[in-house]
There are 2 protein chains.
Amino acid sequence: MATIYDVAEKAGVSVGTVSRYLNGSGYVGRKSADRIAAAIEELGYSPNRNARSLTTKRSGMIGFVVSDLANPFTAEIARGVQDTADEFGYCALIYNTDGNAHRELRALNTLREHQVDGIIITPPEIPEGNAFLAELIAQGIPVVLLGRDMEPLVTDFVSTDTYLGAVIAVDHLLELGHNRIACICARNAAFSRRRGYMDALTQAGLDVDERLIVETELTRQGGVDAMTQLLKLEDPPSAVFAVNDVTALGAMHHAIRRGVSIPGDISFVGFDDIVLAEYAQPALTSVAQPKLQLGRTAFELLHTRLETSDPIEPRRVILPCELVRRESTAVARTVTSRLQRSSSDE
Amino acid sequence: MATIYDVAEKAGVSVGTVSRYLNGSGYVGRKSADRIAAAIEELGYSPNRNARSLTTKRSGMIGFVVSDLANPFTAEIARGVQDTADEFGYCALIYNTDGNAHRELRALNTLREHQVDGIIITPPEIPEGNAFLAELIAQGIPVVLLGRDMEPLVTDFVSTDTYLGAVIAVDHLLELGHNRIACICARNAAFSRRRGYMDALTQAGLDVDERLIVETELTRQGGVDAMTQLLKLEDPPSAVFAVNDVTALGAMHHAIRRGVSIPGDISFVGFDDIVLAEYAQPALTSVAQPKLQLGRTAFELLHTRLETSDPIEPRRVILPCELVRRESTAVARTVTSRLQRSSSDE
DNA sequence: CTGAAAGCGCTTACAG
DNA sequence: CTGAAAGCGCTTACAG
């Protein structure tokens, strides 16, 4: 394959001039430029970025480390990262770790060997991983954390405000006139979503009815179990907020099987906005995380570090969730009848 | 950052010896080895692969070009590619093109500049892309085509046998005793699936009833439309094969709304095995493409080219589909009653 | 078993 | 505006 020397020779100039032409650094005479362009064309010359990186100390590549690329949520983030990197002229080296400490360490190490200019990583639970990341940061390789905070690490961090997402979801139900709103949640996870639920109620001046908060597995079956329990109540809820979609779907389908009309009798809101939410019958109203935006932001954060060697204070970006309204939520029954009455009054 | 020179100096040997130690090429004395190991440890030395690639002409990176990484189907393939590449000590540079000719060309070009050792690409419809790929192949960069054949290109190719997948689906219905099997298909796509349907029937000695073949849009609504038409028949089918899941789901849900019991009255089989199939009510039996395997195979094909410079005849690997049996298919009614009769005879 | 030296393809001051 | 030369970090024959 042709090198910069071949081009220089064919154009009758020195390699330095060709290099300047290629990089737009320093002046190149009109005539030389034309001849270089012609030579490049003729030889089908393609510069070798690896060789270039040897002197510039910049590879133009970033690493993106995830635990499961096949997860649709991750895949969409990856797309956001890649698209944005591409816009800025960077390549993304993507690594899948399966949440395996060994693989993650190897990924990080290989990424360094390939001289990536920076790394975006979705959180591993792995202490060794964190230690290695700290080492990379110390060596001056910028790192951006995506999705979850990693305690001992001080660097940029981007994630989603799930607390506010829950508040938005419950507010939506409140606005529809619901005042008996149940929450299906987990014992050990998604606390901020649960907290959002409670705060939204309190904020609205409503008491939190402990019987309406059901802890369960965050699975389809967990949703079924929780709904079974809620339907046994003497005064069942008129709306249900579940901290994730799969659970919401399980609950909703169980209610349907029990003859409950949705959203006529009970409204449902889920969280995450997985594809299933859109295709459910009825389509499930859900809180969406801005996945693409998450990826974009992560790269942008990294990019400002890539472009400067000045120390930058660690930044934290928390993106808002968005409520996607579908068919599973409607005005509360009591309100409906009140509306009907008032309209018949006219 | 420490270089091989720093290591050599600290260990009191020459860089050549350190290099040999690092690569396991040529002998290194026991004593030297120990001291080199210690020096590497002490300095936290990490070799620079880009520098290495300058002499070896091998970057240890491959490129993977897709049109939409956020598509779950693609994401899973990507995972298969990355996992396998990792196993063999390669890194994957992933590029998203959105099916945009401009972006694809830039991706391919950048990949070459980064000196990837090979490229796996999911088919673009783009002539310019094909021309560029041909150029890369001519330059000795191995290319593997994944998912669809690209006419003018002669290189390795891996995909799925959707024709046989359709045959398997229909055979499954035949085995359950169905003989009036409808096919919901498209006018201009997925021909091999439709052909599989017809051949399976013919093979079983059944006539193809044209009224049972409904052309429609391959969308949820298309499925609804097709099902509406099928239910109007005086002698409706006892089973439906749809050439993709979304359509199958639309058809199935419409049938349910019309009071049809599934799989009691009608069995349904879809194609692609998307997540929705698993979570549908009832869960949809579907033909799955081996996505991970597709990615694995693509890399393996590439790998044999990576490891040799000998010319290799272009190979084509067609992976079989797999039937995932769920709740939407059951023994045909007539057969059921026959079975009941025979059992009451005893 | 090991060292000295050339070379991989590029960029970057430094002169001119 | 341009060329000569050194250097980036590594590997690879070649001697010894």
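In which helix of chain A is A:T74 found? Select A:T74 and see. This is a predicted model.

**Stop 1: A:T74**

The residue sits in helix α5, which spans residues 72-87 of chain A. Is A:T74 buried or exposed? Show the surface of the protein chains to judge. A:T74 has a relative accessible area of 13%. Buried means under 20%, so A:T74 counts as buried.

Now show what lies around A:T74. Leave out residues up to four places away in sequence, and A:T74 touches A:V66, A:D68 and A:L69. Zoom in on A:D68. Its backbone oxygen lies 3.4 Å from a polar atom of the A:T74 side chain.

**Stop 2: DNA strand C**

Select DNA strand C next. How many residues surround DNA strand C? There are 26. The closest are A:I4, A:S19, A:Y45, B:G29 and B:S32. Color the strand by sugar, phosphate and base. Of the strand C atoms that come within 4 Å of the protein, sugar and phosphate account for 67%.

Color the surrounding residues by class. The surface near DNA strand C has 10 nonpolar residues, 12 polar ones and four charged ones.

**Stop 3: three side chains on strand C**

Pick these side chains in turn. In each case, look for a polar side-chain atom.

- A:Y5: a polar side-chain atom is 3.3 Å from a base nitrogen of DNA strand C.
- A:N23: here the partner is a phosphate oxygen of DNA strand C, at 2.9 Å.
- A:T55: the distance is 2.9 Å, to a sugar or linking oxygen of DNA strand C.

Pull back to the helices. Those of chain A that give two or more residues to this surface are α1 (4-11), α2 (15-23) and α4 (49-56). From chain B, α2 (15-23) and α4 (49-56) do so. Which element gives the most to the surface near DNA strand C? Select α4(A): it gives five residues.

**Stop 4: the two chains together**

Hide the DNA and display chains A and B. Superpose chain A on chain B. The fit takes a rotation of 180 degrees, with 0.0 Å of shift along the axis, and the RMSD is 0.1 Å. The two copies are thus related as by a two-fold rotation axis.

To find that axis, select A:L93. Among the residues of chain A, A:L93 comes closest to the rotation axis, with its C-alpha at 2.2 Å.

Finish at the interface between the chains. Of the interface residues of chain A, 100% are also interface residues in chain B, so the copies meet through the same surface.

Terms used. Residues are numbered from 1 along each chain as its sequence is written. Chains are lettered from A and ligands numbered from 1 in the order in which they are written. This is a predicted model: local features need pLDDT of at least 70, side-chain atom pairs count only at pLDDT 80 or more; totals for chains, interfaces and linings use all residues. Side-chain values use heavy atoms; hydrogens and water are left out. A residue is near a molecule or strand if one of its heavy atoms lies within 4 Å of it. A polar contact is a pair of N or O atoms within 3.5 Å; within protein, one must be able to donate a hydrogen and the other to accept it, and residues adjacent in sequence count only if both atoms are side-chain atoms. Helices (H or I, at least four residues) and strands (E, at least two) are DSSP runs, numbered from the N terminus. Ala, Val, Leu, Ile, Met, Phe, Trp, Tyr, Cys and Pro count as nonpolar, Asp, Glu, Lys and Arg as charged, and the others, Gly among them, as polar. Buried means under 20% relative accessible area, exposed over 50%, partly exposed in between (1.4 Å probe, protein chains only). Contact means heavy atoms within 4.5 Å. Copies are superposed by least squares on the C-alpha atoms of residues with pLDDT of at least 70 in both.
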